[in-house]
Amino acid sequence: MEKRSVDLVVMSDLHLGTYGCHATEIVNYLKSISPSILVLNGDIIDGWQFSKRYFPVSHMQVIKEIMNLLSKGTRVIYITGNHDEMMRRYSDISIGNFQLTDKVVIELDGKMTWIFHGDVFDATTKGSAKLLAKLGGHGYDLLILLNRFINACLKLFGREKMSLSKKVKNGVKKAVSWIGNFEQTAAELAIGKKYDYVICGHIHQPQKRVIETKEGKVVYMNSGDWIENLTSLEYQNKEWKIFHYAEKDFAIQSESERILQKRRPKLDVVTDEVSFFLNSLSLQV
Ligand SMILES: [Mn+2]
């Protein structure tokens with residue numbers, strides 16, 4: 001597959017280390033592009049749930065693909081989010097073409113683009129309310145698993161997929177018009193700072209629209225997420241576009257990926273057999 005060259009790619013909310021993460025799809029996507037700059041706009045590695053030791057090989061492959069891009073000269077800018085806030089203490093370090101930071105301003109064809117994760121607007125991630133948010137995170141994980149099971153059943157009966165968490169989120173967030181407030185706040189700040197574009201992540205809602213206030217206007221964008229929407233933002237030919245991952249475009253690659261998975265030896269089975277053998281020896285003595 002020929003790699004697509006793109007000037008700049010923004011991805012956010014991969015949530016590596018959680019059940020909801022679509023690592024295979026992320027790897028397929030990363031393998032298909034050759035960006036000059038890759039901005040990872042927060043919640044890439046989900047540090048909140050590290051205690052459960054869930055980090056499969058497929059998630060490690062995402063890190064490998066990012067390393068691959070780095071080694072081929074892509075400039076990677078990792079912007080911290082609230083789920084990878086443990087990295088904030090190391091913010092503003094850079095090693096070669098890798099940079100870790102909390103926010104960034106990039107000039108593209110004379111236009112200023114302001115990029116940050118967006119949890120700064122989120123009161124629930126501060127202080128004691130954070131504990132609730134963390135529990136909420138686990139709840140969300142459970143919801144994703146339940147949703148996958150339901151979707152598998154629906155598929156079996158040839159029915160259309162549904163999104164439980166989208167329903168829950170839409171219900172909850174509509175009530176407080178959370179998404180609308182978020183977008184408006186980001187836009188107002190960006191207009192105040194005279195930026196042309198503002199890009200956030202965090203709310204898992206891909207978007208590109210003009211927001212106008214009395215003070216001026218700005219293009220608000222959101223890179224969405226790789227839990228449900230599987231989207232990113234791409235800048236090419238002086239234009240921003242939302243990229244939507246479609247299974248059919250990557251079908252062949254996923255097939256070869258599956259064969260690779262099958263071939264991988266299961267070491268723990270051998271270990272069990274060895275320990276069983278050792279146990280049986282000691283019983284005979
Ligand atoms: Mn976030």
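**View 1. Helix 5 of the predicted model and its buried face.** In helix 5, the buried residues are Phe182, Glu183, Ala186, Ala187 and Ala190. Viewed along the axis of helix 5, these buried residues lie within an arc of 120°, so they line one face of the helix. The face turned away from the buried side carries Gly180 and Gly192, which are exposed. The structure shown here and in the views below is a predicted model. Helix 5 comprises the 15 residues 178-192, for which a rise of 1.5 Å a residue gives an expected span of 21 Å; the C-alpha atoms at its ends are 21 Å apart, which agrees. The cover over the buried residues of helix 5 includes strand 7 (111-116), strand 8 (197-200), strand 9 (207-213) and strand 10 (216-222). After helix 5 comes Lys194, with a positive phi near 65°. Most residues other than glycine have a negative phi.

**View 2. Strands 8, 9 and 10, which are among the elements covering helix 5.** Strand 8 pairs with strand 10 in the parallel sense, over four bridges. Within this pairing, Tyr197 has Val219 of strand 10 as its bridge partner. Strand 9 also pairs with strand 10, here in the antiparallel sense and over seven bridges. Arg209 has Tyr220 of strand 10 as its bridge partner. Strand 9 and strand 10 form a hairpin, with two residues between them. In general, the strands of a sheet pair through backbone hydrogen bonds, either parallel or antiparallel.

**View 3. Thr213 in strand 9.** Is Thr213 buried or exposed? Thr213 has 12 C-beta neighbours inside 10 Å and therefore counts as exposed, since a residue with 12 or fewer is classed in this way. Leaving out residues up to four places away in sequence, Thr213 touches Glu188 and Ile191. Thr213 and Ile191 are 22 residues apart along the chain, and their C-alpha atoms are separated by 8.2 Å.

**View 4. Gly201 in the loop between strand 8 and strand 9.** Gly201 has 30 C-beta neighbours inside 10 Å and therefore counts as buried. Its contacts, apart from neighbours within four places in sequence, are Ser12, Asp13, Asn41, Gly42, Asp43, Gly81, His117, Gly118, Asn222 and Ser223. One of these residues, Ser12, is 189 residues away from Gly201 along the chain, yet the two C-alpha atoms are separated by 5.7 Å. In the protein, residues 24 or more positions apart account for 68% of the contacts with a separation of 6 or more.

**View 5. Asp13 and His15 in the loop between strand 1 and helix 1.** This loop lies between strand 1 (4-11) and helix 1 (23-32). Asp13 has a phi near 50°, a positive value in a residue other than glycine. Phi of His15 is likewise positive, near 50°, and His15 is also a residue other than glycine. Asp13 counts as buried because 28 C-beta neighbours are found inside 10 Å. His15 counts as buried because 29 C-beta neighbours are found inside 10 Å. Asp13 is among the residues in contact with Gly201, the loop residue of View 4.

**View 6. Ile199 and the largest nonpolar core.** This core has 43 residues, of which Val10, Leu14, Ile26, Val39, Val198 and Ile199 touch the most other members. Not counting residues up to four places away in sequence, Ile199 touches Val10, Asn41, Thr113, Ile115, Met221, Ser223 and Leu233. In soluble globular proteins, nonpolar side chains tend to be buried together. Of the 285 residues in the protein, 30% are buried.

**View 7. The open sheet of seven strands.** The protein contains seven helices and twelve strands. Seven strands form this open sheet in the order 4-5-3-2-1-11-12, with mixed pairing. Which strands stand at its edges? Strand 4 (93-95) and strand 12 (239-244) do, each with a single partner strand, so one side of each has no neighbour in the sheet. From one strand to the next, the twist averages 20°. Strand 4 is joined to strand 5 (residues 98-101) by three bridges, and these two strands run antiparallel. Ser94 stands opposite Gln99 of strand 5.

Technical notes:
Residues are numbered from 1 along each chain as its sequence is written. This is a predicted model: local features need pLDDT of at least 70, side-chain atom pairs count only at pLDDT 80 or more; totals for chains, interfaces and linings use all residues. The expected span of a helix is 1.5 Å times one less than its number of residues. A residue is buried if 20 or more other C-beta atoms lie within 10 Å of its own, exposed if 12 or fewer, and partly exposed in between; C-beta atoms are placed from the backbone. The arc is that of the directions from the helix axis to the C-beta atoms. Two residues are in contact if their C-beta atoms, placed from the backbone, lie within 7 Å. A nonpolar core is a set of buried Ala, Val, Leu, Ile, Met, Phe, Trp, Tyr and Cys residues joined through C-beta atoms within 7 Å. Two strands pair if DSSP finds at least two bridges between them. Axes are lines fitted to C-alpha atoms, for helices over the stretch in contact, and angles run from 0 to 180 degrees between N-to-C directions.
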